[in-house]
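Student: I am new to this structure and would like to look closely at a single part before going further. Please begin there, and then lead me from that part to the rest in one connected account.

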Amino acid sequence: MFDNLSDRLGNVFDRLRGRGSLNEADVREAMREIRVALLEADVALPVARRFIDAVTEKAVGQDVLRSVTPGQQVVKIVHDELVEMLGGQEHQGLLLEAKPPVVVMMVGLQGSGKTTTTAKLAKYIRERHGKKAMMASLDVARPAAQEQLAVLGEQVDVATLPIVKGQQPVDIARRAIESAKLQAVDVLMLDTAGRLHVDQALMDEMKAVAGVSNPTEVLLVVDSLTGQDAVNVAQSFSGEVPLTGVVLTRMDGDARGGAALSMRAVTGKPIKFAGTGEKLDAIEAFHAGRVADRILGMGDVVSLVEKAAATVKEEDAEHLAKRMAKGQFDLNDLRMQLRQMQNMGGLGMLAGMMPGMKKAKAAMAESGMDDKVLVHMDAIIGSMTAKERARPELMNAKRKKRVAAGSGTQVQDVNKLLKMHQEMARAMKQIKKMGGLKGLAAMFGAGGGGAGGLGGPGGAGAPPSLPGLGGMGGNMPPNLQDLMKKK
C-alpha cells in the first residue's frame, strides 16, 4: 500500500544521508519534498501540515545539524513523528475484560467489508484471546446480509444469532444480548447496517442500537482504497457515534495510504486492526511502529516472526530441525519450506517485511519474479516419485524429462531446482560440522538454544528456518533468482 510514499521518502533520505553535513536550507528543502510526497499519498492537508511543522522544528535544532550523522538523525525524527501520527508505540487492543457479554459494535458504510471483518475479528477473538464469541447481523436493509454472516460463522466456527424475518435492528440487538447471556458468551459481535453514504437515518439507527446494547467497543470499519473520502466518513461517524477504534480493510491493496496516515489524527481514535487479505485469517493488530518501519524501508521483523510462528507447524519445525542436526535435507524438506513460504504470504510479503529488502523487492518485480515461481517449484517436486524426492541423486536425463513434462516446465527448470537443493543440502552438512544449530547459534552470540525452527519448541537460539533459505535465515542460493525468472 505505501510503496509510492516509501519510494519517495527513500529518495529524499538517500540524498540526506549522502551528505557529510546539513544546514537549515537542506532540511527545509527535504521537508518540502516530504510534504509533497504526503499530499500525493492522499494524506489530509491539515495532517500533512502538522507533521511537517513538527519534524522541521526538531530537525533544524543544533543537536541535529551539528551531529556526526545528521541525515540519520532526520530519518529518526521522521520515523518518530510517523509513529506518533499513526497512534504511538503502544498498541491499543480490544477491551474484552468487562462483564460478559462484552458487546463489540461494528459500524461503517456499505461495501467497506464490515460483515467479513466481523467474522475475522470473531475468529481472532476465539483463537488469540480464548473467548467464546457470538455474532449477530442487524443489517435488514441489504439483501442476504444476515445469511452471509451465518455462512461466515460456519466457516470460522463461531455461533451466529438465528435469523427471525421481519425483526428490526433494535429488537435483534435485544434478542442477541439475551441469547448471549443464556449461552454464556464472552463477546457479542453486532454487525450493523451500512449505507452507500452517511445519512441521518443511518445515524439514528446506530444511536438506537448503541443505546440498547451499551457496547464496550464501537469499531468503525473503513476501506483503505477510498482514500481521502475515508477520512470524511470517519469524521461523520466520530461526530455521531461514540467510536473507540478504527479497523482499516484492504491494507494489502494498491491505494496510496493516505487514509491510514490521516485516520488517527482526524478521529482521535486508535487504529486497532488492519485487514490484509480476503482470507478469514487475514487480519492483524495495527502497530504504528511496525507500519512506520515498513514505510521507511526498515522492514518489520517482529511481524514476520509472529507470522512464521502462527504459520509454521511445530511438528514440521521439529522434524526439519532434527534433520538439519544430522546434516540431512531432501526434496521433501525443500517442498515443506516452499509451502511455508506460500502460507506466510509469498515472496513479496516476506521481502517487504525484511529490513533493507525494499530495493530487492523492486528488482524482483522488474525481473518478473512472482509467487507463481513457488507453485512451479512445488509442481516439479510433486511430479517426482517418493523415491526420487528422498534421493535426488537418482534424477538422470530420462527422469528429468518425465518430471518436466509432468509439471509443465522445462528440463532446465528441473536442473535449477536440483542445483538449488544441492547447495542447500551442502549448507546443512556445514551446519552439522559446526555442531548443529546450537553451535551455529553460539557463533552468532545467541548462546545456544533449542533445535527448533520458528514456531518450533526451543527455537529461541536457532536461526529462523525461513523457507527457501535453508534454515540459515540469510542468503538465498544463487540459482534461486534464475529459477524465479520463470513464470
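Tutor: Glu-127 and Lys-123 are joined by a salt bridge, with their closest N and O atoms 3.0 Å apart, in what is a predicted model. Both residues belong to helix α6, where they are four residues apart, about one turn of the helix. Their surroundings can be read from the accessible areas: Glu-127 has a relative accessibility of 46% and therefore counts as partly exposed, while Lys-123, at 16%, is buried. The pair is also part of a network, since salt bridges that share partners link Lys-123, Arg-126 and Glu-127. As general background, side chains of opposite charge can pair when their charged atoms come close.

Helix α6 covers residues 114–128, and Lys-114 is found in it. Lys-114 is buried, yet it has no salt bridge, and the nearest side chain of opposite charge, that of Asp-191, is 4.6 Å away. A salt bridge requires the nitrogen and the carboxyl oxygen to be within 4 Å, so that cut-off is the one to keep in mind here. What does lie 3.5 Å from a polar atom of the Lys-114 side chain is the backbone oxygen of Thr-192. If neighbours within four places in sequence are set aside, the contacts of Lys-114 include Met-106, Val-107, Gly-108 and Leu-109, and also Asp-191, Thr-192, Ala-193, Gly-194 and Val-221.

Some of these names return when we turn to the nonpolar interior. Phe-237, again without counting residues up to four places away in sequence, touches Val-107, Gly-108 and Leu-109, together with Val-198, Leu-202, Met-203, Leu-220 and Leu-243. Phe-237 and Ile-34 are the residues with the most contacts inside the largest nonpolar core, which has 75 residues. Helix α5, residues 70–86, supplies the largest share of this core, namely eight residues. A second core, separate from it, has 25 residues, and Tyr-124, Val-158, Leu-280 and Ile-283 are among them.

Helix α5 brings us back to charged pairs, for Lys-76 and Asp-80 both lie in it, four residues apart, or about one turn of the helix. Their closest N and O atoms are 2.8 Å apart, and the two residues form a salt bridge. Lys-76, with a relative accessibility of 48%, counts as partly exposed, and Asp-80, at 35%, is partly exposed as well. A comparable arrangement can be followed in helix α2 (residues 24–40), where Arg-28 and Glu-24 are placed four residues apart, about one turn of the helix. Their side chains meet in a salt bridge at 3.0 Å, N to O. Arg-28 is partly exposed at 37% relative accessibility, and Glu-24 is partly exposed with a relative accessible area of 37%. In total, the structure holds 17 salt bridges.

From the helices we can pass to a strand that is enclosed. All five residues of strand β6, 245–249, are buried, so the strand is largely enclosed by the rest of the structure. Both of its faces are covered, with Gly-245, Val-247 and Thr-249 buried on one side and Val-246 and Leu-248 buried on the other. This follows a general pattern, in which the side chains of a regular strand alternate between the two faces of the sheet. Strand β5, residues 217–223, pairs with β6 in the parallel sense over five bridges, and there Val-222 stands opposite Leu-248. Strand β7, residues 271–275, likewise pairs with β6 in the parallel sense, over three bridges, with Ala-274 of β7 opposite Leu-248.

Loops hold a few backbone details that deserve a slower look. Most residues other than glycine have a negative phi, and most peptide bonds are trans. Against that background, Pro-100 and Pro-101 are joined by a cis peptide bond, with omega about -5°, and Pro-101 sits in the loop between α5 and β1. Asn-214 has a positive phi of about 50° although it is not a glycine; it is found in the loop between α9 and β5 and counts as exposed at 61% relative accessibility. Ala-184 also has a positive phi, near 55°, and lies in the loop between α8 and β4.

Finally, the chain as a whole has 23 helices and eight strands, and 50% of its 487 residues are buried.

Conventions: Residues are numbered from 1 along each chain as its sequence is written. This is a predicted model: local features need pLDDT of at least 70, side-chain atom pairs count only at pLDDT 80 or more; totals for chains, interfaces and linings use all residues. Side-chain values use heavy atoms; hydrogens and water are left out. Buried means under 20% relative accessible area, exposed over 50%, partly exposed in between (1.4 Å probe, protein chains only). Helices (H or I, at least four residues) and strands (E, at least two) are DSSP runs, numbered from the N terminus. Two strands pair if DSSP finds at least two bridges between them. Lys and Arg count as positive and Asp and Glu as negative; His and the chain ends are not counted. A polar contact is a pair of N or O atoms within 3.5 Å; within protein, one must be able to donate a hydrogen and the other to accept it, and residues adjacent in sequence count only if both atoms are side-chain atoms. Contact means heavy atoms within 4.5 Å. A nonpolar core is a set of buried Ala, Val, Leu, Ile, Met, Phe, Trp, Tyr and Cys residues joined through side-chain atoms within 4.5 Å.
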